[in-house]
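Hi,

Here is the structure I said I'd pass on. Have a look at it first, and then read my notes underneath.

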Amino acid sequence: MRLTPRALCSAAQAAWRENFPLCGRDVARWFPGHMAKGLKKMQSSLKLVDCIIEVHDARIPLSGRNPLFQETLGLKPHLLVLNKMDLADLTEQQKIMQHLEGEGLKNVIFTNCVKDENVKQIIPMVTELIGRSHRYHRKENLEYCIMVIGVPNVGKSSLINSLRRQHLRKGKATRVGGEPGITRAVMSKIQVSERPLMFLLDTPGVLAPRIESVETGLKLALCVLTSAAASTGTVLDHLVGEETMADYLLYTLNKHQRFGYVQHYGLGSACDNVERVLKSVAVKLGKTQKVKVLTGTGNVNIIQPNYPAAARDFLQTFRRGLLGSVMLDLDVLRGHPPAETLP
């Protein structure tokens, strides 16, 4: 069902929520704490590395990157690859690039590694960056060694496999996983190019030990810390709360006038009440459950919407890009810091 021009105009003019209640949410509980070891292993491999490729999700280009990467991995040439560009609304791409340049990130490429979009730009750019660097302790090596880093589930392994398809005409070299933590240790070198001879080190996803704000935590949970392909919710979805995440997603979609969910689920109109939306989703998809209710005449079974199942479907549909492209960092881009910054 498509929104009529009148319905679209009405939705755009509606008074959506201006903020999302974030108080009292324990971000530290949401994210795995086994990642410091990975950062130490990466640091110990630095002497083998000519350049660092950092991969991040294009839907949150300004949020959730690990600040310890730059701090810990030193002065090696650095390329930021913003992956999953097909899922991101890049209307403000130029402003995003300017914002990143203001943070000292001048080498940025947007990619879609599933369809190999823009991936061919990476090796020439890396080669140029290495050519301008001193290659301390590496000048005698004819091959280039690149370390691929990033927070979990942003597509590091997908990038390696895409580079191999593009330059070696070969298949998968690394396992691709929708759940964080599949790449558990720094791996052996993987060849991605013959000319120049180039190898990549795939690394485990490493989060910052402290997430800067509750809202940043929610963005990470929506985009990069859960399975895009899983048929069920992951542990992290459960920890954050699927209905909380669905509500934050609904709040964000409405705030930025992204009403793809209305068409996808055949709703009558856009709505800012997550309970009503999830009820409609549950009924449409047949996600209901029997609940036993004690009445004056005894136990009665009634059918109720299965809200957690509907929330799970809402989240998975978003992650697969079926609700349309979205940019979750518009607030940061427009100068509004993430809400509920942690002390």
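What follows is a walk through the model, from the whole chain down to single residues.

First, a caution: this is a predicted model. The protein chain holds 13 helices and eight strands. Of its 343 residues, 51% count as buried. If you take the contacts between residues at least 6 apart in sequence, 75% of them join residues at least 24 apart.

**The sheet**

A good place to begin is the open sheet, where six strands line up in the order E3-E2-E1-E4-E6-E5 with mixed pairing. Strand E3 (108-110) and strand E5 (190-193) are at the edges with a single partner strand each, so one side of each has no neighbour in the sheet. From one strand to the next, the twist averages 30°.

Now look at E1, which covers residues 51-57. Seven of its seven residues are buried. In a regular strand, side chains alternate between the two faces of the sheet. In E1, both faces are covered: Cys51, Ile53, Val55 and Asp57 are buried on one side, and Ile52, Glu54 and His56 are buried on the other.

E1 pairs in the parallel sense with E2 over six bridges, and aspartate 57 has asparagine 83 in E2 as its bridge partner. The pairing of E1 with E4 is parallel too, over four bridges; there, isoleucine 52 stands opposite methionine 147 of E4.

At the E5 edge, E5 and strand E6 (residues 198-202) pair in the antiparallel sense over three bridges. Serine 193 sits opposite methionine 198 in E6. Helix H6 (residues 156-167) packs on the sheet, where it touches E1, E4, E5 and E6, and its direction makes about 50° with that of E5. Helix H4 (residues 93-102), meanwhile, lies across E2 and E3 and runs at about 150° to E3.

The loop between E5 and E6 is worth a stop, as proline 196 is found there. A cis peptide bond joins arginine 195 to proline 196, with omega about 0°.

**A buried serine and an odd aspartate**

Serine 162 belongs to helix H6. Is serine 162 buried or exposed? Its relative accessible area is 0%, so serine 162 counts as buried. Leaving out residues up to four places away in sequence, serine 162 touches Cys113, Asp116 and Val119.

One of those contacts, Asp116, deserves its own look. Aspartate 116 has a positive phi of about 60°, although it is not a glycine. You will find aspartate 116 in the loop between E3 and helix H5 (122-131). With a relative accessible area of 18%, aspartate 116 falls under the 20% limit and so counts as buried.

**Helices around H9**

Helix H9 (residues 242-255) packs against helix H12 (residues 307-319): their axes come within 9 Å and cross at roughly 50°. That angle makes H9 oblique to H12, and the crossing is left-handed. On the H9 side, the residues in contact include Met245, Leu249 and Leu253, and they meet a set in H12 that includes Ala311, Phe314 and Phe318. By class, this contact has eleven nonpolar, no polar and four charged residues.

H9 also packs with helix H7 (residues 214-223), at an angle of about 100° and with the axes 10 Å apart. The two helices are therefore roughly perpendicular to each other. Glu215, Leu218, Lys219, Ala221 and Leu222 in H7 meet Thr244, Met245, Tyr248, Leu249 and Tyr251 in H9. Here the residues divide into seven nonpolar, one polar and two charged.

Past H9, in the loop between H9 and helix H10 (260-265), is glutamine 257. Glutamine 257 has a positive phi of about 55° and is not a glycine. Its relative accessible area is 42%, so glutamine 257 is partly exposed.

**The hairpin**

Last, find strand E7 (residues 288-295) and strand E8 (residues 298-305), which run antiparallel and are joined by eight bridges. E7 and E8 form a hairpin with two residues between them. Within that pairing, valine 291 has isoleucine 302 in E8 as its bridge partner.

Cheers

Note on methods
Residues are numbered from 1 along each chain as its sequence is written. This is a predicted model: local features need pLDDT of at least 70, side-chain atom pairs count only at pLDDT 80 or more; totals for chains, interfaces and linings use all residues. Side-chain values use heavy atoms; hydrogens and water are left out. Two strands pair if DSSP finds at least two bridges between them. Axes are lines fitted to C-alpha atoms, for helices over the stretch in contact, and angles run from 0 to 180 degrees between N-to-C directions. Contact means heavy atoms within 4.5 Å. Angles under 35 degrees count as roughly parallel, over 145 as roughly antiparallel, 65 to 115 as roughly perpendicular and the rest as oblique. A crossing is left-handed if the near helix is turned anticlockwise from the far one by less than a right angle, and right-handed if clockwise. Ala, Val, Leu, Ile, Met, Phe, Trp, Tyr, Cys and Pro count as nonpolar, Asp, Glu, Lys and Arg as charged, and the others, Gly among them, as polar. Buried means under 20% relative accessible area, exposed over 50%, partly exposed in between (1.4 Å probe, protein chains only).
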